[in-house]
Each structure stands twice: as C-alpha cells, then as structure tokens.
Amino acid sequence: MTQHRRFPLFRSFPLLVALGLAGCEYFDVPQPSYVARNDLRVYQMGDGRFEVLALPGTSGGDYFCAAGDYARTMRNAPAASRVSVVRPNGPTDTVPNGRSMIFEITQQGPRTLPVFTNAPMNTRGASFTVAMAQLQCWQGRGAGYTFR
C-alpha cells in the first residue's frame, strides 16, 4: 500500500502572505510619465514641475539631459525655453528610497550656467535652454553623434 503525503499548507502560509505583501509594494510604485533617452524616469508633478529620478552614478548633466528631453518631447517646449532646477538632488517625492531633482520649464531668460561648464548643476536656479539641456545627452561621446 502506498502512503500519500499531505502538503503542510499551514506551514507555508506565512511565507505566502509575506510574498503577497511584498508584491503589493512593487505595484504601488507609480509609472513614470516619460523615460528619457538616457533611461532616467521622469514624473509629472503639479504646477508644471517634473521630477527626474536618478540611477546609480547619475550626474548633473544626466539630469539635464532627461529634463531637456522630456521638455522638448512631451511638453513641446521651444528650444529657447529654459529648464531650471527647482530642488537640487535630494530624496524623491514620488518613489520610495530614491534620489531626484525637480525641474520646471520657464520662458526664455538670462543664462545662469555657461554654455560649456564645469560649474555645479546641482544648485537651485541652475538652468539651461531646452536645446542645450538636450545636448548634455551627447556630451563626451565624441564626434559622429548619432540621434535616435
């Protein structure tokens, strides 16, 4: 006579509950409004502001690249408009345990950073034109830029 083993479901129940709750947290993360060409996620906020989420190793130029890409592609901002830092690199407002910078699009105004800069981009009020911010995506890639 063969013996049947019963699966002890009651022993694995706490594990199933823990996995279910962990999965719920995964689905609570909001979807980005836009994914820039450098793979940074952009989240639309109120009052025309938007948040650019950092990845490991993200620099000021990377933030401006994503901000310019989003401004031009999704908001149809003119090339002469400016993307300005509203809040420098800090804890994110949209996704838990992340870092981000918050930007806004302003009308054409005075330049606050030189065209080619080593100045800190992580300061409130730092800005580039939308066109120059998009050029940050290609800075340092050498001659023969390729555009998607």
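**Exercise 1. How many disulfides does the structure hold? Describe the cysteines that take part.**

*Solution.* The structure above is a predicted model.

Step 1. The structure holds one disulfide. The cysteines that form it are Cys65 and Cys137, with sulfur atoms 1.8 Å apart. The cut-off for a disulfide is a pair of cysteine sulfur atoms within 2.5 Å, and the value of 1.8 Å for Cys65 and Cys137 satisfies it.

Step 2. Locate the two residues. Cys65 belongs to helix α2, whereas Cys137 is in the segment after α3 (130-135). The pair links distant parts of the chain, with the two positions 72 residues apart.

Step 3. Determine the handedness. The torsion about the S-S bond of Cys65 and Cys137 is about 100°, and the disulfide is therefore right-handed.

Step 4. Consider the surroundings. Both Cys65 and Cys137 are buried.

**Exercise 2. State the order of elements along the chain, then the order of strands in the sheet.**

*Solution.* Step 1. The protein has three helices and six strands. Read from the N terminus, its elements follow the pattern α-β-β-β-α-β-β-β-α.

Step 2. The six strands make an open sheet with antiparallel pairing, in the order β1-β2-β3-β5-β4-β6. Its edge strands are β1 (34-35) and β6, each of which pairs on one side only.

Step 3. Examine strand β4 (residues 82-91). Seven bridges connect β4 with β5 (residues 99-106), and the two strands run antiparallel. Here Gly90 stands opposite Ser100 in β5.

Step 4. Strand β4 is also joined to β6 (residues 127-129), by three bridges and again in antiparallel fashion. Val83 has Phe128 of β6 as its bridge partner, and Arg82 stands opposite Thr129 in β6.

**Exercise 3. Compare the expected span of helix α2 with the distance between its end C-alpha atoms, and decide how far the helix is covered.**

*Solution.* Step 1. The expected span is 1.5 Å times one less than the number of residues. For the 14 residues of α2 this gives 20 Å.

Step 2. The end C-alpha atoms of α2 are 20 Å apart, which agrees with the expected span.

Step 3. Helix α2 is mostly covered, since ten of its 14 residues are buried. Among them are Tyr63, Phe64, Cys65, Asp69 and Tyr70.

**Exercise 4. Is Asp69 buried or exposed, and which residues does it contact?**

*Solution.* Step 1. Asp69 lies in helix α2 (residues 60-73).

Step 2. A residue counts as buried under 20% relative accessible area. Asp69 has a relative accessibility of 2%, so it counts as buried.

Step 3. When neighbours within four places in sequence are left aside, Asp69 is in contact with Tyr34, Ala36, Arg37, Met74 and Gln134.

**Exercise 5. What are the overall figures for the protein, and where does pLDDT stay under 50?**

*Solution.* Step 1. Of the 148 residues, 32% count as buried. The accessible surface comes to about 9800 Å², and carbon and sulfur atoms account for 56% of it.

Step 2. Among contacts with a separation of 6 or more, 56% are between residues 24 or more positions apart.

Step 3. The mean pLDDT is 78, and 66% of the residues reach 70 or more. Over residues 141-148, pLDDT stays under 50, and the model has five contacts beyond four places in sequence for these residues.

Methods
Residues numbered from 1 in each chain as written. Predicted model: local features only at pLDDT ≥ 70, side-chain atom pairs only at ≥ 80, totals over all residues. Heavy atoms only, no water. Helix = DSSP H or I, 4+ residues; strand = E, 2+ residues; numbered from the N terminus. Buried < 20%, exposed > 50% of the residue type's maximum accessible area, 1.4 Å probe, protein only. Contact = heavy atoms within 4.5 Å. pLDDT = per-residue confidence, 0-100. Pairing = 2+ DSSP bridges. Areas by Shrake-Rupley, 256 points an atom, 1.4 Å probe, with all protein chains shown as cover.
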